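Q: I would like a close look at a single part of this model, set afterwards against the rest of the chain. Please take it step by step.

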Amino acid sequence: MRDFNLTVSDPKEEVQAQAVEAGPKAKDKEIPSVQDEEVEQTEKRHLNVVFIGHVDAGKSTTGGQILFLSGQVDDRTIQKYEKEAKDKSRESWYMAYIMDTNEEERVKGKTVEVGRAHFETETTRFTILDAPGHKSYVPNMISGASQADIGVLVISARKGEFETGYERGGQTREHVQLAKTLGVTKLLVVVNKMDDPTVNWSKERYDEIESKMIPFLKQSGYNVKKDVLFLPISGLMGSNLKTRMDRSICSWWDGPCLFEALDSIEVPMGDPKRPFRMPIIDKFKDMGTVVMGKVESGTIREGDSLFIMPNKDQVKVVAIYIDENRVKRAGPGENLRVRLSGVEEEDILTGFVLSSVANPISAVTEFVAQLAILELLDNAIFTAGYKAVLHIHSVVEECEIVELLQQIDPKTKKPMKKKVLFVKNGAVVLCRVQVSNMICVEKFSDFPQLGRFTLRTEGKTIAVGKVTAL
Ligand code: GTP
Ligand code: MG
């Protein structure tokens with residue numbers, strides 16, 4: 001249970017508290033009954049933004065500050081968090097407590113589950129997905145990033161901290177590579193903790209970080225000119241977030257603040273006319289069965305008949321919720337809670353896909369994929385028989401590479417003639433992948449979001465890939 005709810009006693013605060021929802025954390029599962037009347041979907045676009053980056057970079061602090069600055073958390077609540085943080089000897093963590101809502105997270109000062117919260121700017125409704133930075137929780141980060149349209153990569157400028165995050169094995173690198181594979185096409189790179197005494201808004205430090213990050217971002221597949229924007233901030237102080245930089249604090253920055261940057265990002269949206277697909281990230285019982293997820297393509301309407309794949313359970317859409325609001329229909333990019341009839345909660349698993357009946361998603365136990373091998377454990381070799389954990393949209397499954405088909409020259413992108421029996425780090429290879437349970441996937445070329453995946457072994461990402469044939 002979330003501590004957030006337990007400590008709230010004042011009904012006024014309760015209303016404030018509702019603005020902040022935590023991801024698949026328990027609170028998200030409550031559908032508020034008071035605001036059950038239907039509202040039409042607002043005209044503003046909706047974007048999911050995932051906060052990524054190395055442990056302690058300041059993701060939760062920045063997320064919390066954004067909610068505070070957009071008026072969703074009142075001073076009294078902040079004071080309460082200040083006291084709670086102090087009692088836990090974590091004084092500076094009070095802003096992070098807005099996003100880190102459970103006791104374990106607050107005691108350790110580390111996000112575990114993806115926190116979820118909402119705020120709005122002039123043009124856009126945003127859902128923040130606050131990913132954990134710690135390497136033990138990369139699977140949770142993957143689930144957050146796979147729901148996101150854009151990413152905010154938080155980097156600590158504090159002396160030594162940028163360096164640890166950027167080292168091999170640091171999560172700055174791993175998160176960037178994962179985000180790119182998982183379909184986060186645009187990145188805002190925020191250089192955080194600029195207020196820290198070791199940085200003191202130094203332009204040299206900012207430039208150093210930017211110049212080291214750019215080649216790496218390029219290598220990871222980002223077009224730095226088109227898809228990436230750097231800006232200096234202090235999440236803790238709230239500088240350069242909602243309003244432009246105060247020149248008396250930092251004289252050299254005349255670029256946009258974070259809210260402006262977020263507002264102006266353009267992202268192509270999924271097609272509302274294509275077959276409906278919504279991977280299920282969580283489910284619970286509440287006057288029927290409720291499933292949660294993000295619409296990847298198509299449109300859902302109240303009263304629709306749909307399949308839950310791979311089982312082909314036919315269900316009826318009883319009600320659709322966006323945040324607290326009940327809506328008649330919803331399209332691509334929306335995070336929904338959908339109440340269904342015709343299925344028991346026990347019969348649904350995370351990774352199942354709510355899907356159109358006329359054109360359901362494919363369910364397979366084997367597929368062909370193009371893999372890019374990043375970093376094998378202890379420089380192992382990659383051959384048929386290799387086992388790993390497959391992460392594709394909301395699916396997490398054990399898999400085995402059953403055959404290597406062809407190696408691809410990373411430079412020319414053409415298949416190499418030689419027969420391939422094994423490959424090493426850095427190789428690109430076409431192979432057959434097998435799982436023991438049916439999973440729902442699509443060809444990358446048809447539905448990129450449902451056809452890109454990562455392979456992990458012993459807690460490390462070893463390869464990224466795309467489904468090329470079913
Ligand atoms: P994980 O969830 O564990 O990955 O960490 P995180 O990235 O969410 O970091 P968090 O927000 O929990 O902050 C970690 C520490 O950095 C806390 O002590 C924060 O007070 C501190 N911190 C975050 N942002 C700033 C900042 O802008 N300036 C300074 N000086 N400290 C900051
Ligand atoms: Mg955090």
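Which residue just after H3 takes a positive phi? Please start there, and then describe the helix itself and what surrounds it.

A: The residue is Gly71, which comes just after H3 and has a positive phi of about 80 degrees. This is a predicted model, and what follows should be read with that in mind.

The helix that Gly71 follows is largely enclosed by the rest of the structure, because nine of the 11 residues of H3 are buried. The buried residues are Lys59, Ser60, Thr61, Thr62, Gly63, Gly64, Gln65, Ile66 and Leu67. Their cover includes the strands S1 (45–52), S2, S3 (124–130), S4 (150–156) and S5 (186–192), together with the helix H11.

Before H3, in the loop between S1 and this helix, lies Asp56. Asp56 is not a glycine, yet its phi is positive, at about 65 degrees. With a relative accessible area of 33%, Asp56 is partly exposed, since this value falls between the 20% under which a residue is buried and the 50% over which a residue is exposed.

H3 also takes part in the metal site. The magnesium ion (ligand 2) is coordinated by OG of Ser60 and OG1 of Thr111, at 2.0 Å. These two residues link distant parts of the chain, for Ser60 belongs to helix H3 (residues 59–69), whereas Thr111 sits in the loop between helix H5 (103–108) and strand S2 (115–120), 51 residues apart. Ser60 and Thr111 are both buried. Strand S2, one end of the loop that holds Thr111, is also among the elements that cover the buried residues of H3.

H8 makes a useful second case. In this helix (residues 171–181), nine of 11 residues are buried, so that H8 is mostly covered by the definition of burial as under 20% relative accessible area. The buried residues are Gln171, Thr172, Arg173, Glu174, His175, Val176, Leu178, Ala179 and Thr181. H8 is followed by Gly183, which has a positive phi near 95 degrees.

The loop that leads from strand S6 (228–232) to helix H11 (258–264) contains Ser239, and H11 is one of the elements that cover the buried residues of H3. Ser239 is buried, with a relative accessible area of 10%. Beyond its neighbours within four places in sequence, Ser239 is in contact with Trp201, Ile233, Ser234, Met245 and Ile249. Ser251 is found in the loop between S6 and H11 as well, but at 52% relative accessibility Ser251 counts as exposed. From Ser251 to Ser70 the C-alpha distance is 25 Å, with their positions 181 residues apart in sequence.

Other loops show further backbone and surface features. Met309 and Pro310 are joined by a cis peptide bond, with omega about 10 degrees, and Pro310 is placed in the loop between strand S10 (305–309) and strand S11 (313–322). Glu458, in the loop between strand S22 (452–457) and strand S23 (460–469), has a positive phi near 40 degrees although this residue is not a glycine. Glu458 is exposed, with a relative accessible area of 73%. The loop between strand S19 (395–408) and strand S20 (422–423) holds Lys411, which is exposed at a relative accessible area of 78%, and Lys419, exposed at 70%. The C-alpha atoms of Lys419 and Gln406 are 6.8 Å apart, the two residues being separated by 13 positions along the chain. Lys411 and Thr454, 43 residues apart in sequence, have their C-alpha atoms 22 Å apart.

As for the setting of H3 as a whole, the protein chain has 12 helices and 23 strands. Its radius of gyration is 22 Å, close to the 23 Å given by the globule rule for 470 residues, so the chain is as compact as a globular protein of that length. Its C-alpha atoms fill a box of roughly 65 × 55 × 40 Å along the principal axes. Of the 470 residues, 56% count as buried, and among contacts with a separation of 6 or more, 71% are between residues 24 or more positions apart. The chain exposes about 20100 Å², of which carbon and sulfur atoms supply 50%. The chain carries 64 positive and 69 negative side chains, and the centres of these two sets lie 6 Å apart.

How values were computed. Residues numbered from 1 in each chain as written. Chains lettered and ligands numbered in written order. Heavy atoms only, no water. Buried < 20%, exposed > 50% of the residue type's maximum accessible area, 1.4 Å probe, protein only. Helix = DSSP H or I, 4+ residues; strand = E, 2+ residues; numbered from the N terminus. Rg over C-alpha atoms; globule rule 2.2 N^0.38 Å. Contact = heavy atoms within 4.5 Å. Areas by Shrake-Rupley, 256 points an atom, 1.4 Å probe, with all protein chains shown as cover. Lys, Arg positive; Asp, Glu negative; His and termini not counted. Charge placed at Lys NZ, Arg CZ, Asp CG, Glu CD. Donors = N, O, S within 2.8 Å, 3.2 Å for Na, K, Ca; no water.
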